[in-house]
Amino acid sequence: MPSTTCTTELELKIRLPDEAAYQRVCAVLAPLQRELHQDNRFYDTSDRRLRASKLVLRLRQEESGWSITLKGPKTRSADAVSRLEIEVPLQALEAESRGRYEEALAGYRQAFSEAVQEAAAAGSAEERANDL
């Protein structure tokens, strides 16, 4: 049985004063840089109940395998945003097994790209994407 992890995601945003500061930060972080490939699919109900409750349901594939994650509502402070995340790895999920998971999510729909398209039409794509 896959192990479930329950963590708190912490997002910290730091405004840099200028391009020179940005270049200094890039130089310090360069040794930590690596390439990561992911396929992320976000789901919601047709009436957007998850979004209304400030929840996010994500199915992710990356090199280490598949996982499904439920992200809780964001808590904001002056410089950071945090949220509870519950993630379950889906071990050795092959194409046929993936179909079963997607079938289980049939009551939901892929929501992220639609939300971004709607936000762009409303002129606030960044704000709406940050809500996810």
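Arg48 comes out as partly exposed, at 21% relative accessibility. The cut-off for buried is under 20%, so at 21% Arg48 does not fall in that class. This is a predicted model, so please take what follows as a reading of a prediction.

Arg48 sits in the loop that runs between strand S2, 38-45, and helix H2, 49-52. Its phi is near 60°, a positive value in a residue other than glycine. There is another such case in the chain. Lys54 has phi near 65°, again positive and again not a glycine. The place of Lys54 is the loop between H2 and strand S3, which covers 56-62.

Staying with this region, let me go to Arg49. Its relative accessibility is 54%, which counts as exposed. The side chain of Arg49 forms a salt bridge with Asp47, where the closest N and O atoms are 3.1 Å apart. The backbone of Arg49 has a partner too. Which side chain places a polar atom 2.8 Å from the backbone nitrogen of Arg49? That is Thr45. Thr45 belongs to strand S2 and is buried, with a relative accessible area of 6%. To put the two together: Arg49 is exposed, Thr45 is buried, and the contact goes from the backbone nitrogen of Arg49 to the Thr45 side chain.

Next, the salt bridges. As a reminder, side chains of opposite charge can pair when their charged atoms come close. How many does a search of the whole structure find? Six. One of them is the Arg49 and Asp47 pair I have just described.

Another is Glu9 with Lys71, with the closest N and O atoms 3.3 Å apart. This pair links distant parts of the chain: Glu9 is in strand S1, residues 5-12, and Lys71 is in strand S4, residues 65-71, and the two are 62 residues apart. Are the two partners buried or exposed? Glu9 is partly exposed, at a relative accessible area of 29%. Lys71 counts as buried, with 7% relative accessibility. The pair is also part of a network of salt bridges, in which Glu9, Lys71 and Glu85 are linked.

A further salt bridge joins Glu11 and Lys13, and there the closest N and O atoms are 3.5 Å apart. Glu11 is partly exposed, with a relative accessible area of 31%. Lys13 counts as exposed, at 51% relative accessibility. The cut-off for exposed is over 50%, so Lys13 at 51% falls in the exposed class.

That brings me to strand S1 as a whole. Of its eight residues, the number buried is zero, so S1 lies largely in the open. S1 has a partner strand: it pairs with S6, residues 80-90, in the antiparallel sense over eight bridges. Within that arrangement, Leu12 stands opposite Ala80 in S6.

Just before S1 there is Thr4, in the segment that precedes the strand. The C-alpha atoms of Thr4 and Val88 are separated by 4.6 Å, while along the chain the two residues are 84 apart. Leaving aside neighbours within four places in sequence, Thr4 is in contact with Ile86, Glu87 and Val88.

Ser67 also reaches this part of the chain. Ser67 is in strand S4 and counts as buried, at 6% relative accessibility. What does Ser67 contact, once neighbours within four places in sequence are left aside? On one side of the list are Arg58, Leu59 and Arg60; the rest are Glu87, Val88, Pro89 and Leu90. Glu87 and Val88 are thus in the contact list of Ser67 and in that of Thr4.

Last, the surface. Leu12, which I mentioned opposite Ala80, is also a member of a nonpolar patch on the surface. The other members are Ile14, Leu16, Tyr22, Val25, Val28, Leu29 and Leu32, and with Leu12 they have about 810 Å² of accessible area together. Which element gives the largest share of the patch? Helix H1, residues 19-29, with four residues. Val25 is found in this helix, and at 34% relative accessibility Val25 counts as partly exposed.

To recap: six salt bridges, one of them between Glu9 and Lys71; a strand S1 with zero buried residues, paired with S6; and a nonpolar patch with its largest share from H1. That is what I have for today.

How values were computed. Residues are numbered from 1 along each chain as its sequence is written. This is a predicted model: local features need pLDDT of at least 70, side-chain atom pairs count only at pLDDT 80 or more; totals for chains, interfaces and linings use all residues. Side-chain values use heavy atoms; hydrogens and water are left out. A salt bridge is a side-chain nitrogen of Lys or Arg within 4 Å of a carboxyl oxygen of Asp or Glu. Buried means under 20% relative accessible area, exposed over 50%, partly exposed in between (1.4 Å probe, protein chains only). Two strands pair if DSSP finds at least two bridges between them. Patches are made of residues with over 30% relative accessible area and no salt bridge: like charges are joined within 9 Å, nonpolar side chains (Val, Leu, Ile, Met, Phe, Trp, Tyr) within 5 Å. Accessible areas come from the Shrake-Rupley method with a 1.4 Å probe; for residues, only the protein chains shown count as cover. A polar contact is a pair of N or O atoms within 3.5 Å; within protein, one must be able to donate a hydrogen and the other to accept it, and residues adjacent in sequence count only if both atoms are side-chain atoms. Contact means heavy atoms within 4.5 Å.
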